[in-house]
Amino acid sequence: MKHIITLVVLFISQLGFSQIDTNLLIQKTEKFLNAYLDKDYQSMAEMTHPNVVSLGGGIDWVKKDLAADREALESLGFKYKSGEVGDPGKFHQSGEETLCFITQKLIVEIEGNDYMAEVPLLASSINEGSSWTFVSLDRFDANGLKDFVPSYNQEMGWPEIKPMEKVEDK
């Protein structure tokens with residue numbers, strides 16, 4: 001009987017997520033990705049989770065930090081060519097906040113060779129998926145993220161961080 005009750009509760013809790021438009025989430029994630037590719041740090045900062053912005057020193061600081069990180073990678077020979085967004089993972093409700101992981105797949109040229117880098121994001125919505133903010137997980141681990149996004153629950157798990165893979169010529 002206990003298992004049946006647990007299954008019913010899980011089923012009912014997932015019904016609330018059926019209202020979330022995953023296509024809108026993918027579109028917003030693509031906008032975040034394109035802002036990165038276009039070096040539009042203002043837009044990226046505005047789409048960054050508000051706790052990261054406020055604890056990180058504000059929009060201007062986040063914008064400068066994003067630019068500095070990109071410049072550092074480019075000084076190492078990274079040239080970002082294109083990208084695409086993967087499918088969203090499972091949705092999790094934490095208080096008023098809906099969270100899920102979603103991956104950006106970036107094609108990066110290094111020394112004349114193309115590589116694919118998968119960069120997971122934590123997507124967050126406080127209005128049932130009408131708008132989304134993001135945290136790039138290449139800058140955090142699960143414990144560090146909890147400091148900036150208290151609604152993150154480690155029971156959500158953590159996305160696999162994969163090394164870059166060389167894209168073979170076709």
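Which helix among the elements of the chain has the lowest mean pLDDT, and which has the highest? This is a predicted model, and to find the answer you can select helix H1, residues 2–15, which has the lowest mean at 41, and then helix H3, residues 41–46, which has the highest at 98. The chain as a whole averages a pLDDT of 89, and 89% of its residues score at least 70.

Stay at the beginning of the chain for a moment and select residues 2–18, where pLDDT stays under 50 and the model has 6 contacts beyond four places in sequence. Where pLDDT is low, the predicted coordinates should not be read in detail.

Move on to helix H2, residues 22–37, whose 16 residues reach 22 Å from the first C-alpha to the last, close to the 22 Å expected at 1.5 Å a residue. At its N-terminal end, Asp21 acts as a cap, with a side-chain oxygen 3.0 Å from the backbone nitrogen of Asn23. After H2 comes Lys39, whose phi is positive, near 60°. Now colour the buried residues of H2, among them Leu25, Ile26, Phe32 and Tyr36, and look at what surrounds them: the buried residues of this helix pack against H3, helix H5 and strands S1, S3, S4 and S5.

From there, go to strand S4 and select Ser125. Is Ser125 buried or exposed? Its relative accessible area is 0%, which is under 20%, so Ser125 counts as buried. The side chain of Ser125 reaches the backbone oxygen of Ser131 at 2.9 Å, and the residues that Ser125 touches beyond four places in sequence include Glu96, Thr98 and Trp132.

Note on methods: Residues are numbered from 1 along each chain as its sequence is written. This is a predicted model: local features need pLDDT of at least 70, side-chain atom pairs count only at pLDDT 80 or more; totals for chains, interfaces and linings use all residues. Side-chain values use heavy atoms; hydrogens and water are left out. pLDDT is the predictor's confidence in each residue, from 0 to 100. Helices (H or I, at least four residues) and strands (E, at least two) are DSSP runs, numbered from the N terminus. Contact means heavy atoms within 4.5 Å. The expected span of a helix is 1.5 Å times one less than its number of residues. Buried means under 20% relative accessible area, exposed over 50%, partly exposed in between (1.4 Å probe, protein chains only). A polar contact is a pair of N or O atoms within 3.5 Å; within protein, one must be able to donate a hydrogen and the other to accept it, and residues adjacent in sequence count only if both atoms are side-chain atoms.
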